[in-house]
Amino acid sequence: MAAAGRTNMGQRLAAALLLLAAVMAARGRAHTCTEPSIIPSYYTTSDAVISSETVFIVEISLTCKNGAQNVVLYADVDGKQFPVTRGQDVGRYQVSWSSDHKLARSGTYEVKFFDEESFSALRKAQRNKEDHSAMKPLFAVSVDHRGVWNGPWLATEVVAAIIGLLIYYLAFSTKSSIQG
């Protein structure tokens, strides 16, 4: 009788652990965001003199009408996909990428954000070589990149040397005309 009680208790314990694992798995899954509201901000490199690549950083504050907070996002920029990281604050996300200065054209970049389901459909369409331009993102952010400044046309040292030579020439010619 004692052995039967232990078996029954073991079965209850196993069932409870299985139920607990199922609840934890359901809570750990990402939620789908309905009717997203975003507050975007972005940064792009503007000075090529002090950096080796152009960097793009897009930060968003996301709130969903259904209250979803654990949203997994992916970004698509000109056909390249990037994972979106969640910030420490609830609803804060960030995506970043870099490009060679010569390849980073000035203009507006459209950053499309996808949730797991729509990103999965996008990747499937790409694998099957289907038209994925019609894939609707969860939302999009426009990033205005004005290009990078490559420094002055003439280096400061060159300008200083030219001015020095000009002063020397003027002083020498003035001295020659006074003495002559």
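A residue is called exposed when its relative accessible area is over 50%, buried when that value is under 20%, and partly exposed in between. The close-up views below all come from a predicted model.

**View 1. Two aromatic rings are stacked within helix α3.** Tyr168 has a relative accessibility of 57% and therefore counts as exposed, whereas Phe172, with a relative accessible area of 48%, counts as partly exposed. The two residues stand four positions apart in helix α3, which means that about one helical turn separates them. A pair of aromatic rings is described by the distance of the centres and the angle of the planes. For Tyr168 and Phe172 the ring centres are 6.1 Å apart and the planes meet at 15°, so this pair is stacked.

**View 2. A nonpolar patch lies on the surface.** The patch covers about 770 Å², and the residues that make it are Trp153, Leu154, Val158, Val159, Ile162, Ile163 and Ile167. One of these residues, Ile163, is placed in helix α3, which runs over residues 156-179. Because its relative accessibility is 46%, Ile163 is classed as partly exposed.

**View 3. A stacked pair joins two strands.** The structure contains six aromatic pairs. In the pair of Phe82 and Trp97, the ring centres are 5.7 Å apart and the planes lie at 20°, so the rings count as stacked. This pair links distant parts of the chain, since Phe82 belongs to strand β4 (residues 80-83) and Trp97 to strand β6 (residues 92-100), with their positions 15 residues apart in the numbering. Both Phe82 and Trp97 are buried.

**View 4. Four aromatic residues form one cluster.** Phe82 and Trp97 appear again here, together with Phe56 and Tyr109, as members of a single aromatic cluster. Arg105 is found over the face of Tyr109, at 4.2 Å from the centre of the ring.

**View 5. The largest nonpolar core has 23 residues.** Those with the most contacts inside this core are Val58, Ile60, Leu73, Val95, Trp97, Val111 and Phe113. Two or more core residues come from each of the elements β2 (53-63), β3 (73-77), β6, β7 (107-115) and β8 (139-145). Strand β2 contributes the most to the core, with four residues. Trp97 thus connects this view with the previous one, as a member of the aromatic cluster and as one of the core residues with the most contacts.

Methods:
Residues are numbered from 1 along each chain as its sequence is written. This is a predicted model: local features need pLDDT of at least 70, side-chain atom pairs count only at pLDDT 80 or more; totals for chains, interfaces and linings use all residues. Side-chain values use heavy atoms; hydrogens and water are left out. Patches are made of residues with over 30% relative accessible area and no salt bridge: like charges are joined within 9 Å, nonpolar side chains (Val, Leu, Ile, Met, Phe, Trp, Tyr) within 5 Å. Accessible areas come from the Shrake-Rupley method with a 1.4 Å probe; for residues, only the protein chains shown count as cover. A salt bridge is a side-chain nitrogen of Lys or Arg within 4 Å of a carboxyl oxygen of Asp or Glu. Buried means under 20% relative accessible area, exposed over 50%, partly exposed in between (1.4 Å probe, protein chains only). Rings of Phe, Tyr and Trp (its six-membered ring) pair if their centres lie within 6.5 Å; planes under 30 degrees apart count as stacked, over 60 as edge-to-face and the rest as tilted. A charge sits over a ring if NZ of Lys or CZ of Arg is within 6 Å of the ring centre and within 35 degrees of the ring normal. A nonpolar core is a set of buried Ala, Val, Leu, Ile, Met, Phe, Trp, Tyr and Cys residues joined through side-chain atoms within 4.5 Å.
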